[in-house]
Amino acid sequence: MNYFRKYYYGDYGDKEAPTGGDTGKAAANEWPLWEVFIRSKQGLDHKHVGSLHAADAQMAVENARDVYTRRMEGVSIWVVESKYIHASNPDEAESFYEPAEDKVYRHPTFYDLPDEVNHM
Amino acid sequence: MPVQNFESHFQEKIDADVRIEPKDWMPEKYRQTLIRQISQHAHSEIVGMLPEGNWISRAPSLKRKQILIAKVQDEAGHGLYLYSAAETLGISRDEMIGQLHSGKAKYSSIFNYPTLTWADMGAIGWLVDGAAIMNQVPLCRTSYGPYSRAMIRVCKEESFHQRQGFESLLVLSRGTPEQRAMVQDAIDRWWWPSLMMFGPHDSESLHSEQSMKWKIKRFSNDELRQRFVDMIAEQVKLLGMTLPDPDLKWNEERSHYDFGKINWEEFWNVVSGNGPCNKQRLDARKKAWDDGAWVREAAKAHAEKRAARNKQQAA
Amino acid sequence: MNKELFIYTLHLADNALILAQRNSEWTGHGPVLEQDIAITNIALDLLGQARNYYQHAAALYNSLSDHDKNSLEGSLPRPWKSFHRELQEDDLAFLRDEHQYRNLLLTELPKGDWAFTVLRQFFFSAFQHLFYQELLQSSDPQLAAIAEKSSKEVAYHLRWSSEWVVRLGDGTEESHRRMQEALADLWMFTGEFFTAAGYEQAAATEGFGVDVLLLREAWLKKVEAVFAEATLEPPKQSWSQSGGKSGQHTEHLGYLLAEMQYLQRVYPNTTW
């Protein structure tokens, strides 16, 4: 059954027994894990850049500023506690993503137009 | 699907250079190997802050002080990126730190050598970070997604480290006789330990073969070490210094530099705890951690209090 | 230009440098990685401020007439006098003696525990924050420019340190106790913010500097607001230590400088 264990972002400790160590020391006092998203400049989407630990949301934003924008990488920061991320399951990747493969009619290149038609 | 099919499907993905992501199926051994490798790497960054941190208070100019502080701070950042990558594999940072402190987890032995003069800051940047980059650049394409993304970030920042190291040595090498002597002495002390950073010979490397197959590792120890020697043997000329190896010479036939025998006895001794600073480094890490316990606890307690208050207000 | 501007600029530089030196002692030894990085950022900001001031001071000095230069004799680094070249930022930082340093005593105290460090930073940042708002109006354009750049950094330092004061004050029993201890140790060094040295009075009168006395009330208000949230009481005691601004320091500064200046002292006039 071991082979079917799944490990999620931030999904350790409280929901599953921690693995990979014989230290036996549970991370009882560890600050929660947060995912960090940064907008690198106005007009662009926030992009996931990594994670960090912080005691609360305010500290998480500040830590993100100190850790992930030291070289002017961002103009805006989002943080979300990792345990609140809901993700699709890779086991369902086929049913999730493959049905889109044959829907070529959703793409503009599917339509042949005479050369005279510009800007379309 | 039987387990064998999972395994072969997994290997197919690796062979096709498709990255493995945290929620994907992976062999337990792959996960364990990654945790070991990534956490060792993270520990090396964190312990690696200490030998250089040793000179922050004594940096000889305000500019050098700024550069050194920023560099040591980057190493904290690198440790953080790497711990985060390992955390996606189902281990917590605190657990990893516990393994470091208990001696279960290793870190790069190079940091068990002392930094004795200011020139050591340059030598570490040039040789130690230079060797590290050799190892790290290929890891930007390693098979595990979070690890490879962390390494891309690390490598981007790391290139400043090697450059500042070399530049700092260049300034010293054009300075007074005392400064030049300082540079040569630093090179003499850091050269062999830097070569050891690439690990044992391929024939004796414990984890190499499987790691290559999984693309956790992309070049062999000896291959990378040779590249490093070829690069440094040329750069040292620009400093007007020499490398402490009488056997170092260009081999026309191989199109590589030949170099002398590494003292593996020293290597294994330092790995197993007999380096000049093993105890000092680990003690410093443990002290920082233990002294910080009440701080971490207090921040957590405060966050919980505040959350409870907010809840009450909302109710 | 007058000699007070030079001395005043050095005073501002020394404050920033000495506190940067103290804060950078945390680099590699912080209570958690994220905060190791945060306190190091503050050290780097302060170091950057110090460099701006020292460069300004050196340029001011180099542009003086011989007569004015002579009048500053006592504030110059002794070893530099034999170099026979213009004054540079590093000469000021690395070659002046202890009694020539004009930083606040508060900045030179040993880093202590995390409670001591964040509380000191809070006191200092709360002061600097108000100070820079005023220095923006300086008649010296370079000081005004440094104030503008630095005030953004300091706004963040103030936010960061206030939050830590609240967190530790209202955290666990232990953290509260440690904050009280830090407060007892630090409080008597805060009066020096508002005790103007001679060159500060001249600076305020002539318009290139700030009348620190006027900042006191706003500073106290800020402290009280944060303390209220942190469940801390400002001590009643009003006796305060001072002297740093005129070169009379605690025993700690000598050691700090001995360590910081050692290479420049051993190898004078050398490029690094």
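Buried, here, means under 20% relative accessible area. By that yardstick, 61% of the 272 residues in chain C of this predicted model are buried.

So what is chain C built from? Helices, with zero strands: there are 12 of them. Reading along the sequence, the pattern is simply α-α-α-α-α-α-α-α-α-α-α-α.

As for overall dimensions, the C-alpha atoms of chain C fit a box of roughly 60 × 40 × 30 Å when taken along the principal axes. The radius of gyration of chain C is 18 Å, which agrees with the value near 19 Å that a compact globule of 272 residues would have. Contacts add to the picture: of those in chain C that join residues at least 6 apart in sequence, 80% link residues at least 24 apart. On the outside, chain C has an accessible surface of about 10,300 Å², and carbon and sulfur atoms account for 50% of that.

Over in chain A, the surface carries a nonpolar patch formed by V104(A), Y105(A), F110(A) and Y111(A). Together these residues offer about 410 Å² of accessible area. One of the patch members, Y105(A), sits in the segment that comes after α2 (93–97) of chain A. Is Y105(A) buried, exposed or partly exposed? Its relative accessibility is 43%, so Y105(A) counts as partly exposed, a class that runs between the 20% limit for buried and the 50% limit for exposed.

Key
Residues are numbered from 1 along each chain as its sequence is written. Chains are lettered from A and ligands numbered from 1 in the order in which they are written. This is a predicted model: local features need pLDDT of at least 70, side-chain atom pairs count only at pLDDT 80 or more; totals for chains, interfaces and linings use all residues. Side-chain values use heavy atoms; hydrogens and water are left out. Patches are made of residues with over 30% relative accessible area and no salt bridge: like charges are joined within 9 Å, nonpolar side chains (Val, Leu, Ile, Met, Phe, Trp, Tyr) within 5 Å. Accessible areas come from the Shrake-Rupley method with a 1.4 Å probe; for residues, only the protein chains shown count as cover. A salt bridge is a side-chain nitrogen of Lys or Arg within 4 Å of a carboxyl oxygen of Asp or Glu. Helices (H or I, at least four residues) and strands (E, at least two) are DSSP runs, numbered from the N terminus. Buried means under 20% relative accessible area, exposed over 50%, partly exposed in between (1.4 Å probe, protein chains only). The radius of gyration is taken over C-alpha atoms; the globule rule is 2.2 Å times the number of residues to the power 0.38. Contact means heavy atoms within 4.5 Å.
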